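Please open the structure in a viewer and keep the selection tool at hand. The stops below are to be taken in order.

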Amino acid sequence: MSVDAYGPSSQTLTFLDPEEGNDLLGADTQGSDFEFTDFSLPSQTQASQIEQTQSQSSRSQLNGPDLSLPNGLDRDVCSATQSLGELTFQEEEEDQYYTKDLPEHACKYCGIHDPSCVVQCNICKKWFCNGRGNTSGSHIINHLVRAKHKEVTLHKDGPLGETVLECYSCGCRNVFVLGFIPAKADSVVVLLCRQPCAAQSSLKDMNWDPDQWKPLISDRSFLAWLVKVPQEQEQLRARQVTAPQINKLEELWKDNVDASFEDLEKPGVDEEPQQVLLR
C-alpha cells in the first residue's frame, strides 16, 4: 500500500524526536487533584487511627450528636424515663359501667341510671330507661308491652319530680291511652286519657283545646320532654342487649323476679323444651 492513499503526496510528515522535545514531556491530561505521589502503605498505628475515626463517624450518624446535659441532668432524665417505663395503666373494664355499684333505679336492661332518663314500672317496681339501644323501641316500652304492664312513675330527681302518670280528669293510669293538652292561659300541660276525657265538650270551657291532644308515647318511646333519651355516648357505654335477650329475661322474671342477665348464661336457659306427643 502506498503512502498516497492517506493524503496528497505533496504534504510531508514531520516526526518529533523525543530527545529534542523535552518541553512536552509530562504534559498529561489528568488534573493535579487526582495526582498520587505517595504509594507507600500506612503503618499499623495509622490504620488503627483511621478505623477509629470511621467508627466514631458512623455512630454519630446513627445516634445523632452527643448532647450531654450539664449538672447531672442527664442522670435525672434517665431516671425519669425509667420511672415512666415502670408505670402501668389499667383500662376500665366494659362491664364495670353496668355491674359495679349501680343504683337501684338503674335500667334493668342496660344499666343506664340517669334520673331524667329512667321510669319505674308501678307493677313490678323495676326501672327502665327511655333509650333504644339495639332494639326498635325504648327499654321501658319494651318491658311494658312484653310484661303487659301499663303504669309508670317518674324519678324524684328528674325534671318533673316523682310523678305518677295519670289522667287529670278520671285518674286513669294506662300510659298507652294517656296524652296531653297544652293549656292556653298557663304554660302547663294537662294529662288526659283519649277516651272519654279528651273528647269531652266541657274542656273548651276550661281553656283547653281537645284538637291539640297528643299521646305521651310516640315512635315506641316516651316524649323527650317527659322522659329524656340517654345520650348516644352513654348508650354505647351501657350494656348492649338484643330483643331475644330481653324476651328471655322477661320469661325468667315470670318465675324469678330477681333474675338478671347473668342467669341467661346458665346452661339450659337457651334450650327450647322438647316437644312431647300427647296420646
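The lining of the largest cavity in this predicted model comprises five nonpolar residues, six polar residues and one charged residue. To display this lining, select Cys110, Ile112, Cys129, Gly131, Gly133, Asn134, His139, Gln235, Ala238, Arg239, Gln240 and Val241. The space that they line has a volume of about 60 Å³.

How many cavities of 30 Å³ or more does a search of the whole structure find? The search finds two, and the second largest is the next stop. Select Pro115, Ser116, Val118, Leu154, His155, Gly158, Pro159, Leu160, Gly161, Leu226 and Val227, which form its lining. The second largest cavity holds about 40 Å³ of space. Its lining contains seven nonpolar and four polar residues, with no charged residue.

The tour now turns to a sheet. Strands pair within a sheet through backbone hydrogen bonds, in either a parallel or an antiparallel manner. Select residues 178-182, which make up strand 4, and then residues 189-193, which make up strand 5. These two strands run antiparallel and are joined by five bridges. Within this pair, Pro182 is found opposite Val189 of strand 5.

Finally, add residues 214-215, which are strand 6. The three strands form an open sheet in the order 5-4-6, and their pairing is antiparallel. Strands 5 and 6 lie at the edges; each has a single partner strand, so one side of each has no neighbour in the sheet.

Note on methods
Residues numbered from 1 in each chain as written. Predicted model: local features only at pLDDT ≥ 70, side-chain atom pairs only at ≥ 80, totals over all residues. Heavy atoms only, no water. Pairing = 2+ DSSP bridges. Helix = DSSP H or I, 4+ residues; strand = E, 2+ residues; numbered from the N terminus. 1 Å grid on protein atoms, 1.4 Å probe; cavity = no way out; pocket = protein on both sides within 12 Å on 5 of 7 lines; lining within 4 Å. Points joined across faces, edges and corners; volume = space filled by probe spheres on them. Nonpolar A, V, L, I, M, F, W, Y, C, P; charged D, E, K, R; others polar.
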